[in-house]
Amino acid sequence: MKTMGAAKFKEQCLALLDQLDLDGLVITKRGKPVARVVPYRQDAQDADLIGSLRHKIEVTGDVFTTGIRWDADA
């Protein structure tokens, strides 16, 4: 993973984004890491998770209560 000072990143930002590899780039200020730039993944993996557990789990009981009765006026 490459590291680079913030000032140099600011100067070369657009060119660096074009050359970005999968490991990304760590931006530093005074030698300390402050940010990491990684490429954006445009895959459908997250969308595939929606509904993926349908018919695989079973919810029993009332999920909207703890099962403990209490008196709010007390």
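Two strands are taken to pair if DSSP finds at least two bridges between them. The structure described here is a predicted model, in which local features need pLDDT of at least 70, side-chain atom pairs count only at pLDDT 80 or more, and totals for chains, interfaces and linings use all residues. Residues are numbered from 1 along each chain as its sequence is written, and side-chain values use heavy atoms, with hydrogens and water left out. The protein chain holds two helices and three strands, in the order β-α-β-β-α from the N terminus; helices (H or I, at least four residues) and strands (E, at least two) are DSSP runs, numbered from the N terminus.

**Sheet**

- Four bridges join β1 to β2, and these two strands run parallel.
- β2 and β3 run antiparallel and are joined by five bridges.
- The three strands thus ordered β1-β2-β3 form an open sheet of mixed pairing.
- β1 (2-5) and β3 (32-37) are the edge strands, each pairing on one side only.
- On average, neighbouring strands of this sheet are turned by 35° against each other, direction ignored.
- Met4 stands opposite Ile27 in β2, while Val26 stands opposite Arg36 in β3.
- Two residues lie between the strands in the hairpin of β2 and β3, where Arg30 takes a positive phi near 55°.

**Helix packing and core**

- α1 lies across β1, β2 and β3 and runs at about 125° to β1; axes are lines fitted to C-alpha atoms, for helices over the stretch in contact, and angles run from 0 to 180 degrees between N-to-C directions.
- The largest nonpolar core consists of five residues, Met4, Phe9, Leu16, Leu25 and Ile27; such a core is a set of buried Ala, Val, Leu, Ile, Met, Phe, Trp, Tyr and Cys residues joined through side-chain atoms within 4.5 Å.
- α1 (6-19) and β2 (25-29) each supply at least two residues of this core.
- Beyond its neighbours within four places in sequence, Leu16 is in contact (heavy atoms within 4.5 Å) with Lys2, Met4, Phe9 and Leu25.

**Burial and overall dimensions**

- Of the 74 residues of the protein chain, 11% count as buried, meaning under 20% relative accessible area, with exposed over 50% and partly exposed in between (1.4 Å probe, protein chains only).
- β3 lies largely in the open, because the number buried among its six residues is zero.
- The protein chain has a radius of gyration of 24 Å, whereas a compact globule of 74 residues would have one near 11 Å; the radius is taken over C-alpha atoms, and the globule rule is 2.2 Å times the number of residues to the power 0.38.
- The C-alpha atoms fill a box of roughly 65 × 40 × 20 Å along the principal axes.
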